[in-house]
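User: I'd like a close look at one part of this model, and then how that part fits into the whole. Here it is.

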Amino acid sequence: MGMTITEKILASHAGKAYVEPGEIIDAEIDLALANDITAPLSLEEFEKVGATKVFDNDKVVFVLDHFTPNKDILSAENCKKIREFSIKHSITHFYEGGQCGVEHALLPEAGLVLPGDLVIGADSHTCTYGALGAFATGMGSTDITYGMVTGRTWLKVPENIKFICHGKWQEWVTGKDLILHIIGKIGVDGALYASMEFDGEAIAALSMDSRFTIANMAIEAGGKNGIFKVDEKTLEYVKERSMRPYRVFESDKDAKYREVYEIDAGSIGLNVACPSLPSNVKNVDELKGVHVDQVIIGSCTNGRIEDLEIAARILKGRKTAKHTRCIVIPATPKIYAEALKRGFFEVFLEAECIISPPTCGPCLGGHMGILAKGERAVATTNRNFIGRMGHPESEVYLSGPAVAAASAIKGEIAHPREVL
Amino acid sequence: MILKGRVWKFGDNIDTDIIIPARYLAITDPKALGEHCMEPLAPLFHKEVKPGDIIVGGFNFGCGSSREHAPIAISALGISLIIAKSFARIFYRNGFNKGLALLEANIAGDVEDGEIIEVDLSSGVITWKDKEAKAKPIPPFMEELINAGGLINYLKKNLEEGKHESI
């Protein structure tokens, strides 16, 4: 029996020739990640274990991105603990200050994740790296402590679900619209415990930025990981960044899938997930007239250069609506510099947007854009649970950058054609 | 082990932003986290809940973030068990890692809020009034983790036995 790309990566890291769904394996990891929210708990556990060193100081990554630049004394104290630990243990990949970006945009950009890798992260959106043909999954802080100490983790081999996309995409449609479509169709637990694999010529036509967005939201369908075939675009992306060898795996033709979905790319319009679940998906045209108080364009889902470019195309020469604020957050310093170079900041400033430094802040109601009672946001982020962005009686609508930018101009949920 | 407690019913898709909102995540003290547990849905939960109470949920309990603050906040209130139709993967893993027992059983439609239920953790048999349900068996590896006293104790034991180099 053949294996999927996920099974092959897991087998190779467990020193096995073959693995199958349901099997529990002990696997070697290539990277363990934690952030300023999850790392403090990992470090507390590290002390409880009595460990004196990490398994490999090149393979532990700390990114201070959630409550940074620090929003209060507690978050500053947490960052200080991580900083001191990183100095003590000579952690190579400790990111803060002007190096710091939203972790899941930062790690691929810095070449820290490569095809065939096995990555664990104390953040649920660690699954983003599946876009590179790596196995990556989110865990808790204690699991990361285990990984930091031993260089290993235990995993249950997941079942596989395949999504094959054919045809051509409509104008303005990006990876975000596809993943919202899929979550809307299978539900927030539709891929519970399973691996989500994406394939087909319409997937090959997508940019790396769009693929990261799709893999990022595998968790919103309950998925263990999202994963893509490594193609020329992946290799091109990796070529400029890789500093070590990597392995390209491919699913066998006779690999076993629990379900296979065939999707017509052309049938997918601009999608919006309504409060308060990512599966509550509607076409943008069904939401006309819904007033918007705040727009967020950023996060590990849509804070990459492709997203900012789409937003800039729509916002150019226009202004945000009188009573709607629009916050734009380039996900990393490199994306920030690129957006500046391409003149996007001029567009955003003229459109009266707020440009924020890279941070996860508003996505999780942390800082830099909290909603008051009764307020409504359109955000390119990945979650719209109750109270996610602030007051429990505020609302978050999830969209891609095109709908977000158009909605900022109109002050209501809008398709770009309504403002262009 | 037998657990007996009062039921607190919550619905489907109880996500980690409900269990412990992100604005409190700079807190690491379990007691302080417990004071905000379930706040968006039930602001008085932390005051009304008693040690030994049992949470009963629907499907996909604990979906969302990987934050261990969620099982920590629940445990801090003295809740030792959650029964749900299904759990989100990361929450399930975190629960066992932190010593919070999680049982998969679909009883939310049959038990009432405040009702006393009895649970035999080893057999998975849940009883209340004249009714009985059986939870899905806990995977053997998770059982091994519980027997070791959670992941950190499991790791400690392995380190002492020289199974891993680092220490």
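How many residue pairs are in polar contact between chain A and chain B? And what is helix 2 of chain A packed against?

Analyst: Bear in mind that this is a predicted model. Between chain A and chain B, 19 residue pairs are in polar contact, counting those with both residues at pLDDT 80 or more. On the chain A side, the elements giving two or more residues are helix 2, helix 3, strand 6 (135-138), helix 5 and strand 7 (152-156). Helix 5 gives the most, with seven residues. Sorted by class, that side has 23 nonpolar, 18 polar and 12 charged residues.

Now for helix 2 itself, residues 39-49 of chain A. Eight of its 11 residues are buried, so the rest of the structure largely encloses it. Among the buried ones are Leu41(A), Leu43(A), Phe46(A) and Val49(A), but also Ser42(A) and Glu45(A). The cover comes from both chains: it includes strand 2 (31-35), strand 3 (60-63), helix 3 (73-88) and helix 5 (141-150) of chain A, plus helix 4 (69-76) and helix 7 (151-160) of chain B. Right after the helix comes Gly50(A), with a positive phi near 85°.

Glu45(A) is worth a second look: this buried residue forms a salt bridge with Lys98(B), with the closest N and O atoms 3.0 Å apart. Across the whole interface, the rule finds three salt bridges.

Zooming out, the contact takes in 53 residues from chain A and 45 from chain B. About 4200 Å² is buried between the two chains, 62% of it from carbon and sulfur atoms. In chain A, Tyr146(A), Trp154(A) and Tyr193(A) lose the most area to chain B, together 16% of what that side buries.

Terms used
Residues are numbered from 1 along each chain as its sequence is written. Chains are lettered from A and ligands numbered from 1 in the order in which they are written. This is a predicted model: local features need pLDDT of at least 70, side-chain atom pairs count only at pLDDT 80 or more; totals for chains, interfaces and linings use all residues. Side-chain values use heavy atoms; hydrogens and water are left out. Buried means under 20% relative accessible area, exposed over 50%, partly exposed in between (1.4 Å probe, protein chains only). Helices (H or I, at least four residues) and strands (E, at least two) are DSSP runs, numbered from the N terminus. Contact means heavy atoms within 4.5 Å. Buried area is the accessible area (1.4 Å probe) that two parts lose on being put together, summed over both. A salt bridge is a side-chain nitrogen of Lys or Arg within 4 Å of a carboxyl oxygen of Asp or Glu. A polar contact is a pair of N or O atoms within 3.5 Å; within protein, one must be able to donate a hydrogen and the other to accept it, and residues adjacent in sequence count only if both atoms are side-chain atoms. Ala, Val, Leu, Ile, Met, Phe, Trp, Tyr, Cys and Pro count as nonpolar, Asp, Glu, Lys and Arg as charged, and the others, Gly among them, as polar.
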